[in-house]
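Biologist: Could you walk me through this model, one question at a time? I would like the definitions along the way.

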Amino acid sequence: MIDQSSAWQALETHASDMRATHLRDLFVSEPSRHSTYTRQAAGLTLDLSKQRWSRVTLERLLGLAREVKVPEAIAGLLAGERVNRSEDRPALHTALRLPADATLVVEGEDVVPAVHRTLDHMATMVERFHAGQWRGATGKAIRHVVNLGVGGSDLGPLMVTHALSDYRPQKVHEIEVHFASTMDGSQLADCLARLNPETTLFVLSSKSFTTIDTLSNARTARDWLMARLGDEEGVDDALVMRQHFIGVSASPEKMNEWGIAPDHQLEFWEWVGGRYSLWGGIGLPIALVVGMDNFRELLAGAHAMDSHFQTAPLEDNLPVLLALAGIWNVNFLDIRAHSILPYDGRLEYFAAYLEQLEMESNGKSVTHDGREVGYSTCPVLWGQLGPNAQHAFYQLLHQGTQSVECDFIAPLRRYDEVANEATREHLKGQHRLTLANCFAQSRVLMLGDDAIKDDGPRPGHKRYRGNQPSSTLLLDRLTPATLGALIALYEHKVFVQATIWEINPFDQWGVELGKQIAGETQRILDSHQGIETMDDSTRALIEAAWAAEREA
């Protein structure tokens, strides 16, 4: 195992010295830390100077990366090797953002043409919507699109459409996109209460097209449409299905069985994981909001990060360096919590997106060859908008009893496009205030009491230990291209960490187990048979549910 390697053991020895070293002392001993530990690529600037490491630390971490053959792993990922070992297939989400003139032959087939056929099909759909030419069963133009998906089929499109809402194309038929993911139907019920069935279309997004959460919502949506449109003259069930549903899946046959018209289907492939899928057909809601040109810019930004990941040496490689900072904190400084703190309201859902990306990918405890790991893997990831979090959980960051690694994320420029000069200057002032808070918080987390200018005695409840590690990620501006690069940066960071931990980031058997057991429990709830196989607690909970049904 990797923890028995010479590189890991050297880091263990080095960490025993570094654990007693405070960040303020590192800045004293290395006055030019910012330039030493800052790198740029694809419109992003990554400042790692506030990590609790030294030049020696970084050199040894890079040695660890070389010992586990990270460069070879990167090459294998991007070449389409079967890096998803438990499912014996490639993980080719990066192929979804290759330019049309690229070539990527995987197991005898160039995958690029199929990718761009799907993108072109999606572009045709988007053009119809934006021209007001996609009409419902009664002839009225569709104005509302509800995305029915869960996990990667929901979080990615939701996050990006919110982040890029400033990039809605002008002078097109306006389409409003909604998202419903919860299996209890509460989100969908809220949508249906507000929408007109004549002008509403549903996108069923499911890789397998068997996801119970999504299909349950889809059946409710279908029943709602049929009940309200079925009595209209000239409208039958087939017309409703054709004009009010689009399917996105790796299973065309199941979309056909469900009744979705073949030309209203968008395909993706088994070699794309759900949480890595927003770059293709799953991204249809994104393209509906921002237009196909901006969607292609999103892909181009991600591809720029892919190219950097592939070609930059390890010591200048943004995903590699971000990954190594996490390895250092989790495995050698024993920091098991990681907070994502964007300082831009448009990135409201970015922390939730990364929670799935990182914890579903690297929340593993077994190596590729089936051995249980003897070291920590993925930390607990959590966060929210930094300006709001300052009034919530930052208290724990500053004075709590455990260390937390933080990622601060902000665009340097905003509001340049506001036409009214007075309004533009006011908004720019607010943006400066936001940046001031972002920079100040990471500084206080680093320095603690030393960030405070007064020298008087401080009571214990006003003391701040500092020494909390953080990274700062600056975007030149939040654009489709820089957002694409930002997402790809974290995708590749996850892969590098998985390579070092010797785990598979592209399966999710824990998720599958939960689905299996939920199905068994549902059958007992529905049939009232088999409860004797349950444990005492689950039996009591099922009986409580049955009692509530009888009383209803």
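**Domains, sheet and cores**

Modeller: Happy to! The protein is divided into domain 1 (2-68 + 312-505), domain 2 (104-294) and domain 3 (515-551), with bounds from an automatic or database domain assignment. This is a predicted model, where local features need pLDDT of at least 70 and side-chain atom pairs count only at pLDDT 80 or more, while totals for chains, interfaces and linings use all residues. Residues are numbered from 1 along each chain as its sequence is written, and side-chain values use heavy atoms, leaving out hydrogens and water.

Biologist: How far apart do the C-alpha centres of domain 2 and domain 3 lie?

Modeller: Domain 2 covers 104-294 and domain 3 covers 515-551. The distance between their C-alpha centres is 34 Å.

Biologist: Which strands are the edges of the open sheet?

Modeller: Helices (H or I, at least four residues) and strands (E, at least two) are DSSP runs numbered from the N terminus, and two strands pair if DSSP finds at least two bridges between them. The 6 strands run in the order E1-E2-E13-E12-E10-E11, with mixed pairing. Pairing on one side only marks the edges, strand E1 (38-41) and strand E11 (380-383).

Biologist: Which residue in E2 stands opposite Thr38?

Modeller: E1 and strand E2 (residues 44-47) pair in the antiparallel sense over 4 bridges. Opposite Thr38 stands Asp47.

Biologist: Why does the span of helix H15 agree with its 13 residues?

Modeller: The expected span of a helix is 1.5 Å times one less than its number of residues. For H15 (residues 350-362) that should be 18 Å, and because its end C-alpha atoms are also that far apart, the two agree at 18 Å.

Biologist: Which helices do the buried residues of H15 pack against?

Modeller: Buried means under 20% relative accessible area, exposed over 50%, and partly exposed in between (1.4 Å probe, protein chains only). Those of H15 include Phe350, Tyr353 and Leu357. Contact means heavy atoms within 4.5 Å. Besides strand E10 (337-342), E11 and E12, the partners are helix H7 (152-163) and helix H19 (480-501).

Biologist: Which element gives the most to the largest nonpolar core?

Modeller: A nonpolar core is a set of buried Ala, Val, Leu, Ile, Met, Phe, Trp, Tyr and Cys residues joined through side-chain atoms within 4.5 Å. The largest has 127 residues, and Phe350, Leu483 and Tyr490 have the most contacts inside it. With 13 residues, the top contributor is H19.
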